[in-house]
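Work through these exercises with the structure open beside you. Try each task before reading its solution.

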There are 2 protein chains.
Amino acid sequence: MKVWELGEFGLIELIARNVGKPSREELVLGIGDDTAAWRTEKSIQLATTDILIQDVHFNLSTTTWRYLGWKALAVNISDIAAMGGTPSYAMVSLGLPPDTKVASVRELYRGIKAIAKKFEIDIVGGNISRAPVVIIDVSLIGNASQALLTRSEAKPGDQIAVTGYLGTSAAGGRMLKSSIKLDKSTTALLKEAHLRPKPRVAEGQTLVQHGVRAAIDISDGLISDLTHICKASKVGAKVWIDRIPVHPKVKAAFGNKALGMALSGGEDYELLFTAKSSVINKVKNVMSTPLMVIGEITREHSGQVTLLDEQGRAVDWKERGWDHFKSQGQGKA
Amino acid sequence: MKVWELGEFGLIELIARNVGKPSREELVLGIGDDTAAWRTEKSIQLATTDILIQDVHFNLSTTTWRYLGWKALAVNISDIAAMGGTPSYAMVSLGLPPDTKVASVRELYRGIKAIAKKFEIDIVGGNISRAPVVIIDVSLIGNASQALLTRSEAKPGDQIAVTGYLGTSAAGGRMLKSSIKLDKSTTALLKEAHLRPKPRVAEGQTLVQHGVRAAIDISDGLISDLTHICKASKVGAKVWIDRIPVHPKVKAAFGNKALGMALSGGEDYELLFTAKSSVINKVKNVMSTPLMVIGEITREHSGQVTLLDEQGRAVDWKERGWDHFKSQGQGKA
């Protein structure tokens with residue numbers, strides 16, 4: 001059955017059935033009215049939106065509809081995680097070619113539901129439209145009960161740290177696009193990293209609880225996202241490239257290309273943050289997720305990231321990360 | 001200058017400069033971080049999202065970028081209006097072909113800013129992406145301090161009423177698409193109705209304050225949107241076609257096609273609501289916007305709209321309104 005046969009309203013009904021019952025008592029209205037509505041206590045609310053467009057952010061030959069649903073929500077959850085917040089309500093806008101299979105839309109929502117359930121998010125609205133390619137735009141609301149992690153709070157002397165491993169998602173993208181054959185466990189690791197990223201919500205909350213105030217999630221790539229922090233905080237950054245946590249399986253599979261993937265591959269959805277070393281040591285003591293200190297915030301070279309080799313010499317690095325309009329013709333996923 | 005020359009981040013900076021300073025003290029973060037953030041009092045929050053896609057919802061040969069910006073926000077504001085709420089924060093996701101002129105994006109934001117200013121809305125975030133066609137997806141947050149206008153509160157015996165005139169937007173769309181020449185004042189009226197709709201925010205608030213509880217904004221078309229109310233409220237509706245407020249200029253220009261435009265043309269963004277006649281009379285006394293009672297809610301024929309002629313005979317009406325997937329090949333704007 002095709003989307004155009006079911007029709008817009010049929011599809012909305014299908015989705016309303018598929019997202020299930022909302023979990024929150026304070027929700028007044030979810031899908032089925034002009035807007036979603038909920039009551040709030042006095043707290044800080046968070047809102048973010050991120051779009052996935054076919055053949056720009058993903059390719060249906062290298063992902064599945066279910067993975068796509070997961071990722072569309074995951075990239076937004078990661079933004080809430082990067083604030084130290086908790087996601088709560090999501091709206092999903094779909095653009096679909098009329099000959100899209102209804103089964104595909106069902107699969108998409110299976111992916112959305114799976115991650116929504118994991119992070120206790122209610123899907124409270126959205127809309128569907130005809131489109132020349134598949135478009136998935138998610139808006140996500142969240143809240144933070146106390147201080148936030150922002151891009152503008154990095155201070156000279158702060159250490160720069162990162163959760164998890166970098167470059168795994170970019171390696172996964174390369175593997176899927178070029179149909180490179182790797183061993184079973186590497187294939188599984190890279191595929192998961194690229195198609196089903198795990199946002200660091202609990203980690204973001206731990207950071208903010210222990211006094212970290214500056215963070216960003218790595219979506220464009222380490223250098224690019226660290227540059228965002230430097231510009232917003234009016235500071236510089238130096239990064240020791242031998243401290244970059246490249247996954248050993250990525251090193252084994254991609255050799256000297258692995259570092260580039262970690263520096264500017266993007267879509268890692270790890271948290272990049274800065275804080276005094278005393279704060280970072282406290283965080284290290286309570287967090288089970290691996291943390292790596294990779295550099296230091298500087299007063300000089302404001303707005304810039306300087307890469308240093310083992311001898312402390314500046315390294316010239318050409319690829320700076322993902323830019324939607326400058327990286328023409330190069331699909332991200 | 002083209003979008004791809006300026007780059008994604010250059011474009012974000014341009015937009016951040018263009019949306020201006022936020023108006024609310026409680027706003028913690030607007031554009032420039034991972035999410036927007038604001039504090040809230042205890043009230044009902046509203047959230048809605050609506051997408052405009054090139055050659056589906058609009059055509060760049062019949063609209064301008066500035067009109068497009070206005071309309072992208074207007075259609076969302078109309079949803080908040082249909083709840084009796086007040087819009088507050090908006091996020092704008094843009095998908096743009098890389099050769100889009102930067103001047104066009106600036107014009108788009110002039111339109112967005114104009115309506116945002118009129119309704120005191122802060123643009124607090126969004127994202128930009130490369131896309132094969134122009135995509136504008138707006139998410140809008142609002143709040144309601146008291147009761148809401150919902151689709152599910154229509155009761156048998158309620159009168160059905162509508163604000164303003166219907167069919168004017170559809171007539172405008174037809175005029176622009178077919179390059180029909182009409183007199184100056186008709187041309188101006190229809191063009192404004194189609195390209196620069198005025199959401200009924202104040203009217204929605206007046207309705208809810210005076211005891212109305214069931215409403216929807218007319219985006220898909222009168223019959224289609226009244227059917228949404230009937231299904232959600234599990235009631236029927238009868239509508240007297242001679243009471244439909246077709247604008248005299250539309251009648252003069254389009255003759256016997258005018259009624260069809262009013263019944264199923266869509267995009268009127270007027271409010272369709274139901275209430276006891278005593279409530280509607282109270283509303284009529286305080287509202288300067290024209291109101292027309294066009295029918296009655298019935299217990300029988302649940303989920304259905306019945307059209308009646310002057311003699312009270314049921315009229316068969318084929319066109320039921322806009323459906324994104326069933327109306328293939330027919331652009332809405």
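The exercises below concern a predicted model.

**Exercise 1. Chain A as a whole**

Task: Find how many helices and strands there are in chain A, and what share of its residues is buried.

Solution:
- Step 1. Chain A holds 11 helices and 13 strands.
- Step 2. The chain has 333 residues, and 57% of them are buried.
- Step 3. Now take the contacts in chain A with a separation of 6 or more: 86% of them join residues 24 or more positions apart.

**Exercise 2. Two helices of chain A**

Task: Describe how helix 3 and helix 4 of chain A pack.

Solution:
- Step 1. Locate the pair: helix 3 of chain A covers residues 65-81, and helix 4 of chain A covers residues 102-118.
- Step 2. Their axes are 6 Å apart, and the packing angle is about 45°.
- Step 3. Angles from 65 to 115 degrees count as roughly perpendicular and those under 35 as roughly parallel. Helix 3 and helix 4 of chain A are therefore oblique to each other.
- Step 4. The crossing of helix 3 of chain A past helix 4 of chain A is right-handed.
- Step 5. Look at the residues in the contact. Helix 3 of chain A contributes residues including Trp65(A), Leu68(A), Gly69(A) and Ala72(A). Among those from helix 4 of chain A are Leu108(A), Gly111(A), Ile112(A) and Ile115(A).
- Step 6. Sort the contact of helix 3 with helix 4 of chain A by class: 13 residues are nonpolar, three are polar and three are charged.

**Exercise 3. Two helices of chain B**

Task: Do the same for helix 5 and helix 6 of chain B.

Solution:
- Step 1. Helix 5 of chain B spans residues 168-178, and helix 6 of chain B spans residues 184-195.
- Step 2. Their axes come within 7 Å and cross at roughly 105°.
- Step 3. That angle makes helix 5 of chain B roughly perpendicular to helix 6 of chain B.
- Step 4. Helix 5 of chain B makes the contact with residues including Ala171(B), Gly172(B) and Met175(B). Helix 6 of chain B brings Leu189(B), Leu190(B), Lys191(B), Ala193(B) and His194(B).
- Step 5. The class count for helix 5 with helix 6 of chain B is six nonpolar, five polar and one charged.

**Exercise 4. A sheet in chain B**

Task: Trace the open sheet of seven strands, then follow strand 12 of chain B to its partners.

Solution:
- Step 1. The strand order is 8-10-7-11-9-12-13 in chain B, and the pairing is mixed.
- Step 2. Strand 8 (214-217) and strand 13 (314-315) of chain B are the edges, each pairing on one side only.
- Step 3. Helix 7 of chain B (residues 201-209) packs on the sheet and touches strand 7, strand 8 and strand 10 of chain B. The direction of helix 7 makes about 5° with that of strand 10 of chain B.
- Step 4. Strand 12 of chain B (residues 305-308) runs antiparallel to strand 13 of chain B, joined by two bridges. Leu308(B) stands opposite Ala314(B), and Leu307(B) has Val315(B) as its bridge partner.
- Step 5. Strand 9 (residues 236-240) and strand 12 of chain B run parallel, with four bridges. Here Lys238(B) is partnered by Thr306(B).
- Step 6. Side chains in a regular strand alternate between the two faces of a sheet. In strand 12 of chain B, Val305(B) and Leu307(B) form the covered face, while Thr306(B) and Leu308(B) form the uncovered one.
- Step 7. The hairpin of strands 12 and 13 of chain B has five residues between the strands, and Gly312(B) there takes a positive phi near 80°.

**Exercise 5. Positive phi in chain A**

Task: Where do Lys234(A) and His301(A) lie, and is each exposed or partly exposed?

Solution:
- Step 1. Lys234(A) is not a glycine, yet its phi is positive, near 55°.
- Step 2. Lys234(A) sits in the loop between helix 8 and strand 9 of chain A.
- Step 3. An exposed residue has 12 or fewer other C-beta atoms within 10 Å. Lys234(A) has 12, so it is exposed.
- Step 4. His301(A), also no glycine, has a positive phi of about 55°. It belongs to the loop between strand 11 and strand 12 of chain A.
- Step 5. His301(A) has 13 other C-beta atoms within 10 Å, so it is partly exposed.

Key:
Residues numbered from 1 in each chain as written. Chains lettered and ligands numbered in written order. Predicted model: local features only at pLDDT ≥ 70, side-chain atom pairs only at ≥ 80, totals over all residues. Axes fitted to C-alpha atoms, helices over the stretch in contact; angles between N-to-C directions. Parallel < 35°, antiparallel > 145°, perpendicular 65-115°, else oblique. Left-handed = near helix turned anticlockwise from the far one by under 90°. Contact = placed C-beta atoms within 7 Å. Nonpolar A, V, L, I, M, F, W, Y, C, P; charged D, E, K, R; others polar. Pairing = 2+ DSSP bridges. Buried ≥ 20, exposed ≤ 12 C-beta atoms within 10 Å, placed from the backbone.
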